[in-house]
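Q: Please take one helix of this model and look at it closely. Then work outward to whatever helps to place it.

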Amino acid sequence: MARHIRDNIFWSCVSGGTIWTAYEVVSMWAFANEIIPYVDWRTEPIYFVALLCGIQFWRLFHFYWAHRLTHWKPLYKSAHYLHHKNINIGPWSGLAMHPIEHLLYFSCILIHWVVPSHPIHMLMNAQHAAFTPAQGHVGFDKIEVGGSDRMPAASFFHQLHHRYFECNYGENDFPFDYWFGTFHDGSSESHASMRAKRKAVHQI
Ligand SMILES: [Zn+2]
Ligand SMILES: [Zn+2]
């Protein structure tokens, strides 16, 4: 097995698995001991379902800002550099992060310490954070089936982030990158715009 895959498995399981589990265990304990706000689906069914749907948006929001923060130079040099060792990504690249980044990445779970919710919401949020990076980093944009048929396979958008570093901090499902001028869709126009911005920054 290649060295970098072994390293990725190590960081994903030893650091990622431990920190993900710790967040879940402490949150479940806090629910059980009525320390954090709890919602019963029998008394608040509409709120329960709305929150379940809203978690997708919370993940997109949290991922964008947490990721953007890790590109702040001191955090990049101490933590996020490890994830970016993956230029040519694969499924094990997804959670290959430094423990500091795992703490930040899985802090999306802390919303359940403030916003009234049920353990099912917390588990969905936590498992979404834990399992989607593997699929998002598959390394192939589409799967060809029977010649021309294509199935979406992974996040080409995030793959471009691994290639160029200074674009696509979030996901394509929410327009944060578009709004903040870091959007790159792989086209030559996006590429020219990114290069122009880089040039302007480095000339300051
Ligand atoms: Zn990544
Ligand atoms: Zn990054």
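A: Among the elements that cover the buried residues of H5 are H1, H2 and H4. The model is predicted. Start with the helix itself.

H5 runs over residues 119–136. It has 18 residues. From its first C-alpha to its last it reaches 25 Å, close to the 26 Å expected at 1.5 Å a residue. H5 is not straight throughout: it bends by about 30° at Ala-129. A proline, Pro-133, follows within four residues of Ala-129. Both Ala-129 and Pro-133 are buried. The other buried residues of H5 are Pro-119, His-121, Met-122, Asn-125, Ala-126, Ala-130 and Gly-136.

Next, a partner. Outside its neighbours within four places in sequence, Ile-109 is in contact with Met-122, Asn-125 and Ala-126. Those three residues are on the buried list of H5. Ile-109 also touches Tyr-23 and Ser-27. H1 spans 3–32.

Ile-109 belongs to the largest nonpolar core, which has 17 residues. With Tyr-105 and Phe-106, Ile-109 has the most contacts inside that core. H1 and H5 are the elements that give two or more residues to this core. H1 gives the most, with five residues. In soluble globular proteins, nonpolar side chains tend to be buried together.

Now the neighbour H2. Helix H2 covers residues 45–70, 26 residues in all. Its span is 37 Å from first C-alpha to last, close to the 38 Å expected at 1.5 Å a residue. H2 bends by about 30° at Gly-54. The buried residues of H2 include Phe-48, Leu-51, Ile-55, Arg-59, Phe-63 and His-67. The buried residues of H2 pack against H3, H4, H5, H6 and H7.

His-67 leads to a metal. His-67 (NE2) is one of the protein donors of the zinc ion (ligand 2). The others are His-71 (NE2), His-80 (NE2), His-84 (NE2) and His-161 (NE2). These donors lie 2.1 to 2.2 Å from the ion. Their spacing along the chain is H-x3-H-x8-H-x3-H-x76-H. Buried means under 20% relative accessible area. His-80 is therefore buried at 1% relative accessibility, and His-84 is buried at 4%.

What coordinates the zinc ion (ligand 1)? Its donors are His-83 (NE2), His-137 (NE2), His-158 (NE2) and His-162 (NE2), at 2.0 to 2.1 Å. The donor atoms subtend angles of 94 to 151°, so the arrangement is irregular. The tetrahedral class would need all angles between 85 and 135 degrees. In sequence, the donors are spaced H-x53-H-x20-H-x3-H. The pair His-83 and His-162 links distant parts of the chain, 79 residues apart. His-83 sits in the loop between H3 and H4, while His-162 is in H6 (residues 156–164). Both His-83 and His-162 are buried.

Last, the loop after H6. Phe-165 is placed in the loop between H6 and H7, and Asn-168 lies there too. Phi of Phe-165 is near 70°; phi of Asn-168 is near 50°. Each is a positive value in a residue other than glycine. Most residues other than glycine have a negative phi. Phe-165 is partly exposed, with a relative accessible area of 27%. Asn-168 is buried, at 0%.

Terms used: Residues are numbered from 1 along each chain as its sequence is written. Chains are lettered from A and ligands numbered from 1 in the order in which they are written. This is a predicted model: local features need pLDDT of at least 70, side-chain atom pairs count only at pLDDT 80 or more; totals for chains, interfaces and linings use all residues. Side-chain values use heavy atoms; hydrogens and water are left out. Donors are N, O and S atoms within 2.8 Å of the metal (3.2 Å for Na, K and Ca); water is not among the atoms, so sites may look incomplete. Four donors count as tetrahedral if all angles lie between 85 and 135 degrees; four count as square planar and six as octahedral if opposite donors are over 155 degrees apart and all others between 65 and 115; anything else is irregular. Buried means under 20% relative accessible area, exposed over 50%, partly exposed in between (1.4 Å probe, protein chains only). The expected span of a helix is 1.5 Å times one less than its number of residues. The bend at a residue is the angle between axes fitted to the seven residues ending there and the seven starting there. Contact means heavy atoms within 4.5 Å. A nonpolar core is a set of buried Ala, Val, Leu, Ile, Met, Phe, Trp, Tyr and Cys residues joined through side-chain atoms within 4.5 Å.
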